[in-house]
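Subject: Structure for your review

Dear colleague,

I am handing over the structure we spoke about, and below it you will find an account of what turned up when it was examined. Please read the notes with the structure open beside them.

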Amino acid sequence: MFRIGIVGGTGYVGSEILRLLLLHPQAEVTMVTSRQTAGEYVFNVHPNLRGITELKFVPLSIAEIQNNCDLVFTATPHGGSMNLVPRLLETGIKVIDMSADFRLKEPGAYDKWYGWTHTNPELLKEVAYGLPELHVKR
Ligand SMILES: NC(=O)c1ccc[n+]([C@@H]2O[C@H](COP(=O)([O-])OP(=O)(O)OC[C@H]3O[C@@H](n4cnc5c(N)ncnc54)[C@H](OP(=O)(O)O)[C@@H]3O)[C@@H](O)[C@H]2O)c1
């Protein structure tokens, strides 16, 4: 069983990841973050999850994620993951980032397409683009 955290569980992407993983037999969602609704029951924000989870949203804490998760999804807006993901990786847990912050390999492409400069360009060499269809062995 993988212990999984979701950063940004009130958003469109985070809430879909949450719904899918709550129903997954090999995943245990141990924490879901939201700065604005921390302390609220998840089912108050996502009524479709009433009866499925008793989790509450928690504030973002790297230490809490490290203690409670094997893997974390970051479903934060573009530009928000760029500084967060390196801090999470430093704890040794695996990270799946749903934003575009590590999607492009060429650092200069962020200036061109997104209008901001990447602050952790060295990480771009290491990340794997997680589109399963690209990595299927035939
Ligand atoms: N929407 C799509 O179809 C789609 C598809 C693929 C990928 N994506 C990417 O997935 C990411 C999330 O998209 P979305 O549409 O779900 O966004 P969204 O609806 O704006 O949700 C963002 C979530 O992140 C949290 N958040 C915002 N700023 C944060 C910060 N600085 N630190 C920690 N948490 C923060 C928000 O909750 P709080 O403010 O309460 O913390 C919220 O739960 C984006 O990067 C997007 O480009 C989106």
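A residue counts here as buried under 20% relative accessible area, as exposed over 50%, and as partly exposed in between. On that scale Y129, with a relative accessible area of 43%, is partly exposed because this value falls between the two limits. Please keep in mind throughout that this is a predicted model. Y129 is placed in the segment after α5, the helix that spans 108–114, and its C-alpha atom lies 35 Å from that of G51, with the two positions 78 residues apart in sequence.

Pockets

The largest pocket has a volume of about 770 Å³. Its lining is made up of 22 residues, and those that lie nearest the centre are I96, D97, M98, A128 and G130. Two or more residues of this lining come from each of the elements α1, α4 (81–90) and β5 (94–97), and α1 gives the most, with four residues. In chemical terms the lining of the largest pocket divides into 15 nonpolar, two polar and five charged residues.

The second largest pocket holds about 310 Å³ of space, and 14 residues line it, with G8, S34, R35, T76 and P77 nearest its centre. Here the lining divides into five nonpolar, eight polar and one charged, which you may wish to set beside the division given above for the largest pocket.

Surface patch

Which residues form a nonpolar patch on the surface? They are Y12, V13, I96 and M98, and together they have about 400 Å² of accessible area. Of these, I96 and M98 have already appeared among the residues nearest the centre of the largest pocket. Y12 belongs to helix α1, which covers residues 12–22, and it counts as exposed because its relative accessibility is 70%, where the cut-off for that class is over 50%.

Salt bridges

How many salt bridges does a search of the whole structure find? The search finds two. In one of them the side chains of D70 and R3 meet at 3.0 Å, N to O. D70 sits in the loop between α3 (62–68) and β4 (71–74), while R3 sits in strand β1 (residues 2–7), so this pair ties together parts that are 67 residues apart in sequence. Both partners are partly exposed, since D70 has a relative accessibility of 32% and R3 has a relative accessible area of 29%.

The other salt bridge joins the side chains of R19 and E16, at 2.9 Å, N to O. In this case both residues lie in helix α1, three residues apart, which is about one turn of the helix. R19, at 29% relative accessibility, counts as partly exposed, and E16 falls in that class too, at 33%.

R19 also serves as a reference point for T30, a residue of strand β2 (residues 27–33): the C-alpha atoms of T30 and R19 are separated by 13 Å, and the two residues are 11 apart along the chain. T30 counts as partly exposed, with a relative accessibility of 23%.

With best regards

Methods. Residues numbered from 1 in each chain as written. Predicted model: local features only at pLDDT ≥ 70, side-chain atom pairs only at ≥ 80, totals over all residues. Heavy atoms only, no water. Patch = residues over 30% accessible without salt bridge, like charges linked within 9 Å, V, L, I, M, F, W, Y side chains within 5 Å. Areas by Shrake-Rupley, 256 points an atom, 1.4 Å probe, with all protein chains shown as cover. Salt bridge = Lys/Arg side-chain N within 4 Å of Asp/Glu carboxyl O. Buried < 20%, exposed > 50% of the residue type's maximum accessible area, 1.4 Å probe, protein only. 1 Å grid on protein atoms, 1.4 Å probe; cavity = no way out; pocket = protein on both sides within 12 Å on 5 of 7 lines; lining within 4 Å. Points joined across faces, edges and corners; volume = space filled by probe spheres on them. Nonpolar A, V, L, I, M, F, W, Y, C, P; charged D, E, K, R; others polar.
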